[in-house]
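Let's take a walk through this model together, with the sequence and the 3D view open side by side. Keep a finger on the chain letters as you read.

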Number of protein chains: 2
Amino acid sequence: METEVWSIGDLARATGTKVETIRFYEKSGLLPAPPRTAGNYRAYGAEHLGRLSFIRRARDLGFSMEQVATLLDLADRKDQSCEVVDIVARGHLAEIDRKLRDLRALRKELAAMIASCDHRTIADCRIIEALAPRG
Amino acid sequence: METEVWSIGDLARATGTKVETIRFYEKSGLLPAPPRTAGNYRAYGAEHLGRLSFIRRARDLGFSMEQVATLLDLADRKDQSCEVVDIVARGHLAEIDRKLRDLRALRKELAAMIASCDHRTIADCRIIEALAPRG
DNA sequence: TCTTGACCCTGTAGTGGCTACAGGGTGCAT
DNA sequence: ATGCACCCTGTAGCCACTACAGGGTCAAGA
């Protein structure tokens, strides 16, 4: 049976990734280097497509490249317990919660600043005042 | 009347900034280069302290260096309307709202993934499954 | 056959916002 | 005189890409 082969551009289109990013993932060790054609073009197979989809999906969910590498490593050991996967995911959730808290606090302060601005000259501007030392 | 003079370390302590960061702000054009002592040390005055405090506060509130530069420019033109200041701040608020939306969506998806993991082997792991192409 | 144009290759440098050295000089107290 | 804390410049590193420059490959059309 013939196996399908994709060029780097095909993979890019299929996964919504830029060509340069795919090469970058290869250089970073996330995506294994595929075989080459006679003309030195990368020739990808189904396993590369799957792996790249995994990477993109995990990155979209905000996992760092290091976390993605860990998850990929784990995903390959199919017979082991998935406890570590759970730990990585929970750690990431905690990070997201921290960011959410920070952003909400930020938003509140910024919104208060904007609400108190009544468009006079900058000398009276509450926003500038709020940023100045001991405003 | 004598004017107070601070070393870069004094400024760093007073504003909670690292020394390297202050030099970085100078190189980036956010903080003007101060005069030097005979020994080539930077000699800061009150205006530098004020400006650095402003920068730090704005950065803490999540304004980009470019936005901070704009705000500093505007803050210097005391007689103009503060409309542009308001526009910058509102633009930043909109950015924060976008980030909040994205993070909340992320959190939801991630939490659902984690909730469905019941610690079997990786072959059955819902988290890995959720990341794999067409789940 | 020749050319056009889309695609591919490598390698390097840039982004933002710092941080961390290396390899030196200065200033003050002991 | 010596130690130590501080200062100086310049460069490289971090993350996760992105954007070139300067070439090579390949298929279709004239």
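A backbone N or O atom of A:Gly39 sits 3.5 Å from a phosphate oxygen of DNA strand D. Keep in mind that this is a predicted model, so treat every distance here as something computed from predicted atoms.

Stay with DNA strand D for a moment. Which residues come closest to DNA strand D? They are A:Tyr41, A:Arg59, B:Gly9, B:Arg23 and B:Arg42, out of 19 residues that surround the strand. A:Tyr41 has an N or O atom in its side chain 2.7 Å from a base nitrogen of DNA strand D. From the other chain, B:Ser7 places a polar side-chain atom 2.9 Å from a phosphate oxygen of DNA strand D. As for the elements that give two or more residues to this surface, they are α2 and α3 (46–60) of chain A, plus α1 (8–15) and α2 of chain B. The largest share, three residues, comes from α2(A). Sort the residues of the surface by class and you get six nonpolar, six polar and seven charged.

What part of DNA strand D does the protein mostly find within 4 Å, sugar and phosphate or bases? Of the strand D atoms in that range, 81% belong to sugar or phosphate, and the rest belong to bases.

Now swing the view over to DNA strand C. Here 20 residues lie around the strand, and A:Gly9, A:Arg23, A:Arg42, B:Tyr41 and B:Arg59 come nearest. Of the DNA strand C atoms within 4 Å of the protein, 79% are part of sugar or phosphate, with bases making up the rest. Some phosphate contacts of this strand are set out below.

| Residue | Protein atom | Partner in DNA strand C | Distance |
|---|---|---|---|
| A:Ser7 | polar side-chain atom | phosphate oxygen | 2.9 Å |
| A:Arg23 | side-chain N or O atom | phosphate oxygen | 2.7 Å |
| B:Arg59 | polar side-chain atom | phosphate oxygen | 2.5 Å |

The elements giving two or more residues to the surface near DNA strand C are α1 (8–15) and α2 (19–28) of chain A, along with α2 (19–28) and α3 (46–60) of chain B. On this surface, α2(B) supplies the largest share, with four residues. The residues near DNA strand C split into six nonpolar, six polar and eight charged.

Next, have a look at a loop in each chain. A:Asn40 is in the loop between α2 and α3 of chain A, and its phi is near 70°, a positive value in a residue other than glycine. In chain B, B:Asn40 lies in the loop between α2 and α3. B:Asn40 also has a positive phi, about 70°, although it is not a glycine.

Finally, let's leave the DNA and look at two helices of chain A. Two packed helices are described by the angle between their axes and the distance between those axes. Helix α4 (residues 65–76) and helix α5 (residues 83–115) of chain A have axes that come within 10 Å and cross at roughly 160°. How do α4(A) and α5(A) run, roughly parallel or roughly antiparallel? Angles over 145 degrees count as roughly antiparallel, so α4(A) and α5(A) are roughly antiparallel to each other. The crossing of α4(A) past α5(A) is left-handed.

Where they meet, α4(A) brings A:Gln67, A:Thr70, A:Leu71 and A:Leu74, while α5(A) brings A:Val84, A:Val85, A:Val88, A:His92 and A:Glu95. By class, the residues of this contact are five nonpolar, three polar and one charged.

Key:
Residues numbered from 1 in each chain as written. Chains lettered and ligands numbered in written order. Predicted model: local features only at pLDDT ≥ 70, side-chain atom pairs only at ≥ 80, totals over all residues. Heavy atoms only, no water. Axes fitted to C-alpha atoms, helices over the stretch in contact; angles between N-to-C directions. Parallel < 35°, antiparallel > 145°, perpendicular 65-115°, else oblique. Left-handed = near helix turned anticlockwise from the far one by under 90°. Contact = heavy atoms within 4.5 Å. Nonpolar A, V, L, I, M, F, W, Y, C, P; charged D, E, K, R; others polar. Near = heavy atom within 4 Å. Polar contact = N/O pair within 3.5 Å; in protein donor to acceptor, adjacent residues only side chain to side chain.
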